[in-house]
Amino acid sequence: MFHLLCKWALPALLTLCWSLGAVAATDAPSAMAERVRACTSCHGEQGRAAPDGYYPRLAGKPAGYLYHQLLNFAEGRRRYGPMAQLVQPLSDDYLLRMARYFASLDVPYPAPSREAPRISRQALEHGRQLALYGDAARKLPACATCHGTPLMGTQPNVPALLGLPLDYLTAQLGAWQTGERRAHAPDCMAEIVRRMNPGDIIAVASWLSMQPVPTPSHARTLQQGVALDASLRCGSAPELDAQPQQKGQP
Ligand code: HEC
Ligand code: HEC
């Protein structure tokens, strides 16, 4: 229902939104809130996410991460028709300003799911292990290595893993497995999901979706990079890498 409404309302809202964008000369939060009405019609008020778990939250996610996603939709590394149509005509500068606007919003997260887990306690425990400790035997680093110890992301490019619904998490990890979702190369997340089996994905996503979001909820800044195996470099988050770049390299 909501989906249909969005589809129906989109052209009208877009016209309103982008014509406003063209005349507004300032990035004042109130002007920006008006300009992103086309976005919040799907992503919920202030980008808090729609209740159905399909339209992701934008509020408070790291700016670099949001910006990369807008580029990913525009350039076909992520596929969702309405998003691509919306962002393709916009300049990179404008995408960055929208990303910064949503990143700056500090609005509460919904409570985690209270539904009984659909998997066994052992499977949930396996999910917790993968998230916090990884599995050295399979060269699978802990999710926390890059997503931060409270799993709330690291600035400016790595998103939180808490506060996301189970369906969204499994859809995204599944999309990396099938190549439907890609990040800037080298794509560390693609490599990580390649090392996971379907049971791992359900386990880790289920455990993550049941955790409460800590306060403060914003992503922390890494004090120093992490020692990453060369096969796990992240093109969209080069700051994660503890190895200093040699002079002269980009
Ligand atoms: C028609 C509904 C719709 C509209 C309008 C829309 N989005 Fe989206 N957006 C989505 C859906 C659905 C996804 C998730 C797609 C997927 O599963 O990859 C998404 C994903 C995103 C993501 C990635 C989020 C993440 O955590 O990875 C960003 C960023 C985003 N949208 C920003 C925007 C902005 C900015 C606008 C306005 C210019 C906008 N969206 C308008 C439906 C919409
Ligand atoms: C080597 C670093 C690294 C590790 C380890 C890692 N991630 Fe990621 N992850 C990233 C980066 C970087 C991104 C952002 C990718 C992009 O720009 O699209 C990301 C994005 C994600 C997203 C997308 C979130 C969203 O809002 O759409 C999910 C889900 C995710 N990771 C899950 C996991 C899980 C689960 C684990 C552990 C099994 C894990 N990650 C381990 C670096 C890592």
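Which helix gives the most to the shell around ligand 1? Helix 3 does, with five residues. Keep in mind that this is a predicted model.

## Around ligand 1

Let's start with who sits around this ligand. Ligand 1 has 24 residues around it, and Cys39, Cys42, Gln69, Tyr80 and Pro82 are the closest of them. Four helices each chip in at least two residues of this shell: helix 1 (2-23), helix 3 (37-43), helix 4 (63-75) and helix 5 (81-87).

As for chemistry, the shell around ligand 1 splits into 19 nonpolar residues, three polar and two charged.

## Around ligand 2

Now for the other ligand. Ligand 2 is surrounded by 28 residues, with Cys143, Cys146, Ala183, Ser236 and Ala237 coming nearest. At least two residues apiece come from helix 4, helix 8 (143-147), helix 9 (166-178) and helix 10 (188-194). Helix 8 provides the largest share of that shell, four residues.

You won't find a charged residue in the shell around ligand 2: the split is 22 nonpolar, six polar and no charged. Why does ligand 2 lie between domain 1 (2-103) and domain 2 (121-242)? Because both domains give residues to its shell.

## Two cis peptide bonds

Most peptide bonds are trans. Here are two places where the model has a cis one. The bond from Gln155 to Pro156 is cis, with omega near -5°, and Pro156 falls in the loop between strand 1 (154-155) and helix 9.

The other case is the bond joining Thr215 and Pro216, also cis, where omega is about -5°. Look for Pro216 in the loop between helix 11 (198-209) and strand 2 (220-221).

## Two positive phi values

Residues other than glycine mostly have a negative phi. Gln46 has a positive one, near 55°. You'll find Gln46 in the loop between helix 3 and helix 4. Is Gln46 buried, exposed or partly exposed? It is partly exposed, because 17 other C-beta atoms lie within 10 Å, and a buried residue would need 20 or more.

Leu151 also goes positive, with phi near 60°. Its spot is the loop between helix 8 and strand 1. Leu151 has 19 C-beta neighbours inside 10 Å, so it counts as partly exposed too.

Terms used:
Residues are numbered from 1 along each chain as its sequence is written. Chains are lettered from A and ligands numbered from 1 in the order in which they are written. This is a predicted model: local features need pLDDT of at least 70, side-chain atom pairs count only at pLDDT 80 or more; totals for chains, interfaces and linings use all residues. A residue is near a molecule or strand if its C-beta atom, placed from the backbone, lies within 6 Å of it. Ala, Val, Leu, Ile, Met, Phe, Trp, Tyr, Cys and Pro count as nonpolar, Asp, Glu, Lys and Arg as charged, and the others, Gly among them, as polar. Domain bounds come from an automatic or database domain assignment. A residue is buried if 20 or more other C-beta atoms lie within 10 Å of its own, exposed if 12 or fewer, and partly exposed in between; C-beta atoms are placed from the backbone.
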